[in-house]
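Colleague: Could you take a close look at the aromatic rings for me? I'd like to know which ones pair up and how they sit.

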Amino acid sequence: MPLQGRHPQHRKEPLAKLLRRALFLFLGASLVSVGLEIFLVPNRIIDGGIVGVSILLSALTPVPLGAYLTLLNLPFLYLGYKQIGKTFAASTLFAVLVMSIGTTLLHPVPPITIDPLLAAVFGGITLGAGVGLVVRSGGSLDGTEIVAILLNRKTAFSVGEVVMFINIFILGSAGFVFGWDRAMYSLIAYYIAFKAIDVVIEGFDESKEVWVISDKSSEIGDAIVHRLGRGVTYLRGEGGYTGEDRRVIYLCDYAPGRGEAEVDRGRDRPGGVSVDRADSRRPRRTVQEARYSLRRQARLQFVFRFVL
């Protein structure tokens, strides 16, 4: 549901927090500029979304990349203001302007490498780190997810499917403009950028949450507590097929690789073990991060469909 009714209640941020937000938006947008003009664009490698469209158009016309990055994002700034709020729109406008100016200033600078694989890897890392900083600071550099959300309300397609279709068209177009080898390098950069975004937004937390179902839950629980030094929680469960009562062991903040075999040594293996990322259920910092989670799923889905 549109959030414009909440705009009048928007509270002003303290100056220190506002300056911190502006600093990270500036750093993130500057990193994106470096990734584009120092690595990707000179090697004819593109990314998805508005950035990818801007690179294609700048290659086909004499208009500079920075101009397209600003012009193509303007409609999405308006949609972002209507659908999300003033803070998001202002943060996005600032980041887009910094990115556009940065690409213009860096355009005459020669690339660090002309090896397309190195450019795809390091360009993807730099681009993803910059986008991640912008997203964490409440802004955005690409409006395709906003379009996807609006289309999702009017069609049967999910947000992830819409983003995937858009990026299939964009990266497919790169094959016709730059050649299919560059389209494949673009796919590599696209995937690496999405992983770098994950690292910046989610952090390096590899904690897991573990669910263990076993007839020997007491023995396994004692082993986890006394041999691994981790706390456990016992939950009551019921088998859907047998109707038998089972005690379920729940363990959070479990570091993988830290002696998993210690639990089972000398015992029968448990009836069932489920392991999941503990941070996958934490609240997102901003609305934009939550939407980027959907876009992240679409990126993976797109990569695997393209390769397989």
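Modeller: Sure, but let's agree on what a pair is: rings of Phe, Tyr and Trp (its six-membered ring) pair if their centres lie within 6.5 Å. Planes under 30 degrees apart count as stacked, and planes over 60 as edge-to-face. By that rule, this predicted model has 2 aromatic pairs.

Take F176 and W180: their ring centres are 5.1 Å apart and their planes meet at 70°, so the pair is edge-to-face. How covered are these two? F176 is exposed, with a relative accessible area of 69%, while W180 comes out as partly exposed at 48%.

Now for Y191 and F194. Here the ring centres lie 5.4 Å apart with the planes at 65°, so this pair is edge-to-face too. Both residues belong to helix α8, which covers residues 180-202. Because they are 3 residues apart in that helix, about one helical turn separates them. As for cover, Y191 is partly exposed at 30% relative accessibility, whereas F194 is buried at 2%.

There's one more ring to look at, this time with a charge. The charged end of R247 sits over the ring of Y234, 4.1 Å from the ring's centre.

And the setting for all this? The chain has 11 helices and 4 strands, and 44% of its 308 residues are buried. It exposes about 16,300 Å², with carbon and sulfur atoms supplying 63% of that.

Terms used: Residues numbered from 1 in each chain as written. Predicted model: local features only at pLDDT ≥ 70, side-chain atom pairs only at ≥ 80, totals over all residues. Heavy atoms only, no water. Helix = DSSP H or I, 4+ residues; strand = E, 2+ residues; numbered from the N terminus. Buried < 20%, exposed > 50% of the residue type's maximum accessible area, 1.4 Å probe, protein only. Areas by Shrake-Rupley, 256 points an atom, 1.4 Å probe, with all protein chains shown as cover. Lys NZ or Arg CZ within 6 Å of the ring centre and 35° of its normal.
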